[in-house]
Amino acid sequence: MAARAELVVALKEGRLAFELGEGTGDCPYGPGDPLRAAWLRGFAAAREERAAAEGGS
């Protein structure tokens with residue numbers, strides 16, 4: 001199981017990846033890895049925040 005600190009880092013990395021224009025395929029963690037789930041959550045959160053700021057859904 002990944003440590004909490006590792007999950008937080010992966011979440012932040014996912015947010016940054018979205019901000020840098022990367023795609024979900026750029027996730028450095030493999031399927032089934034809890035860090036992958038955290039990275040994807042960060043990516044999705046950043047995408048949703050941008051959509052909300054732009055008036056989208």
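## Two helices and the loop that joins them

A polar contact of 2.7 Å links the side chain of Y29 to that of E13. The model in which this pair is found is a predicted one. Y29 sits in the loop that runs between α1 and α2. Leaving aside neighbours within four places in sequence, Y29 is in contact with A10, E13, L35, R36 and W39. The relative accessible area of Y29 is 18%, and the residue therefore counts as buried, the limit being under 20%. From Y29 to L40 the distance is 9.7 Å, C-alpha to C-alpha, with the two positions eleven residues apart in sequence numbering.

### The chain as a whole

The chain contains two helices and zero strands. Its C-alpha atoms fill a box of roughly 40 × 20 × 15 Å along the principal axes. The chain has 57 residues, of which 26% count as buried. The accessible surface comes to about 3900 Å², and 55% of that area belongs to carbon and sulfur atoms. When contacts between residues at least 6 apart in sequence are considered, 60% of them join residues at least 24 apart. As to charge, there are 7 positive and 9 negative side chains, and the centres of the two sets lie 5 Å apart.

### Helix α2 and its ends

Helix α2 covers residues 34-53. It has 20 residues and reaches 29 Å from its first C-alpha to its last, which is close to the 28 Å expected at 1.5 Å a residue. At the N-terminal end, D33 acts as a cap: one of its side-chain oxygens lies 2.8 Å from the backbone nitrogen of L35. After the helix comes G55, whose phi is positive, near 85 degrees.

Which residues of α2 are buried? They are L35, A38, W39, G42, F43, A44, A46 and A51. The buried residues of α2 pack against α1, which covers residues 4-19. An α-helix has 3.6 residues a turn, so residues three or four places apart point the same way.

A46 is one of the buried residues of α2. Its relative accessible area is 6%. Residues up to four places away in sequence not being counted, A46 touches R15 and F18.

### A glycine of α1 and a glycine of the loop

G14 belongs to helix α1. Why does G14 count as buried? Its relative accessible area is 0%, and buried means under 20%, so G14 meets the limit. With neighbours within four places in sequence set aside, G14 is in contact with W39, G42 and F43. These three appear among the buried residues of α2. W39 is also in contact with Y29 of the loop.

Is G21 buried or exposed? This glycine is found in the loop between α1 and α2. G21 is exposed because its relative accessible area is 64%, and the limit for that class is over 50%.

### Separation in sequence and in space

The table sets out separations for four pairs of residues, with distances taken from C-alpha to C-alpha.

| Pair | Apart in sequence | Apart in space |
|---|---|---|
| G14 and A44 | 30 residues | 8.0 Å |
| Y29 and L40 | eleven residues | 9.7 Å |
| A46 and D26 | 20 residues | 15 Å |
| G21 and P31 | ten residues | 21 Å |

G14 and A44 are 30 residues apart in sequence and 8.0 Å apart in space, whereas G21 and P31 are ten residues apart in sequence and 21 Å apart in space. In the first of these pairs, G14 lies in α1, while A44 is listed among the buried residues of α2.

Methods: Residues are numbered from 1 along each chain as its sequence is written. This is a predicted model: local features need pLDDT of at least 70, side-chain atom pairs count only at pLDDT 80 or more; totals for chains, interfaces and linings use all residues. Side-chain values use heavy atoms; hydrogens and water are left out. Helices (H or I, at least four residues) and strands (E, at least two) are DSSP runs, numbered from the N terminus. Buried means under 20% relative accessible area, exposed over 50%, partly exposed in between (1.4 Å probe, protein chains only). Contact means heavy atoms within 4.5 Å. The expected span of a helix is 1.5 Å times one less than its number of residues. A polar contact is a pair of N or O atoms within 3.5 Å; within protein, one must be able to donate a hydrogen and the other to accept it, and residues adjacent in sequence count only if both atoms are side-chain atoms. Accessible areas come from the Shrake-Rupley method with a 1.4 Å probe; for residues, only the protein chains shown count as cover. Lys and Arg count as positive and Asp and Glu as negative; His and the chain ends are not counted. The place of a charge is taken as NZ of Lys, CZ of Arg, CG of Asp or CD of Glu.
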